[in-house]
Amino acid sequence: HVVHYSVSVEGLWWLYGVPITFFFSWALFPFFLGATVGVQLNRRVVGQYLSYSIGAAVWTAFVMFILSWRLGVFPMPAGMLIANVAGSMPMPLLWMCVPYEHRSSTTFRWRTFYAVLGCGSVMTI
């Protein structure tokens, strides 16, 4: 007796592909920001960075899923462009991932601007 499982490609994409892809994509940005502003990594900071990455990945996957479902289209046309826009929405939360002693520095805002500019240039490419 052979058991056949019917697994759709779309289901695999939404359950595994999207969360994994977006997590690893968005995990780069908090670490890049931290390296740019000179944050020393410790458990708390790494935990905040990973929490941000998971949150941004879940948000991006949610937006992509809802758009795909409402439009009735799979795969999404210009999906990576939409994902970049959706994933950029929680970027202001990166401000809270940096410890206060770095945020209170006078050069922090400029360094953050350069980091976000660098992240934005990577996203547009």
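Helices here are DSSP runs of H or I with at least four residues, and strands are runs of E with at least two, numbered from the N terminus. Residues are numbered from 1 along each chain as its sequence is written. What you have open is a predicted model, in which local features need pLDDT of at least 70, side-chain atom pairs count only at pLDDT 80 or more, and totals for chains, interfaces and linings use all residues, while side-chain values use heavy atoms, leaving out hydrogens and water.

**Stop 1: a loop**

Select Ala78, which lies in the loop between helix 3 and helix 4. Its phi is near 55°, a positive value in a residue other than glycine.

**Stop 2: helix 1**

Now select residues 9-26, the 18 residues of helix 1. The expected span of a helix is 1.5 Å times one less than its number of residues. For helix 1 that gives 26 Å, and its end C-alpha atoms are 24 Å apart, which agrees.

Where does helix 1 bend? Look at Gly17, where the bend is about 40°; a proline, Pro19, follows within four residues. The bend at a residue is the angle between axes fitted to the seven residues ending there and the seven starting there.

Next, colour helix 1 by accessibility. Buried means under 20% relative accessible area, exposed means over 50%, and partly exposed is in between (1.4 Å probe, protein chains only). The buried residues of helix 1 are Trp14, Gly17, Val18, Phe22 and Trp26.

Stay in helix 1 and pick out three more residues:

- Glu10 belongs to helix 1 and is partly exposed, with a relative accessible area of 36%. Glu10 and Pro75 are 65 residues apart in sequence, yet their C-alpha atoms are 8.2 Å apart in space.
- Leu12 is also in helix 1 and is partly exposed at 42%. From Leu12 to Ala27 is 15 residues in sequence and 22 Å in space, C-alpha to C-alpha.
- Trp13 sits in helix 1 too, and its relative accessible area of 35% makes it partly exposed. Its C-alpha atom is 9.5 Å from that of Pro75, 62 residues away along the chain.

Contact means heavy atoms within 4.5 Å. Not counting residues up to four places away in sequence, the list for Trp13 includes Thr21 and Phe74.

**Stop 3: helix 3**

Move on to residues 43-71, which form helix 3. Its 29 residues should span 42 Å, and its end C-alpha atoms are 42 Å apart, which agrees.

Many names to click here: buried residues of helix 3 include Val45, Tyr49, Tyr52, Ser53, Ala56 and Met64. What covers the buried residues of helix 3? The cover includes helix 1, helix 2, helix 4 (79-88) and helix 5 (94-97).

**Stop 4: where helix 2 meets helix 3**

Add residues 28-37, helix 2, to your selection. Helix 2 and helix 3 pack at an angle of about 140°, with their axes 8 Å apart. Axes are lines fitted to C-alpha atoms, for helices over the stretch in contact, and angles run from 0 to 180 degrees between N-to-C directions. Helix 2 contributes Pro30, Phe31 and Gly34 to the contact, and helix 3 contributes Val46, Tyr49, Leu50, Tyr52 and Ser53.

**Stop 5: Thr112**

Finish at Thr112, in helix 7 (residues 108-124). Is Thr112 buried or exposed? At 12% relative accessibility, Thr112 counts as buried. Show its surroundings: leaving aside neighbours within four places in sequence, Thr112 is in contact with Leu33, Val37 and Trp95.
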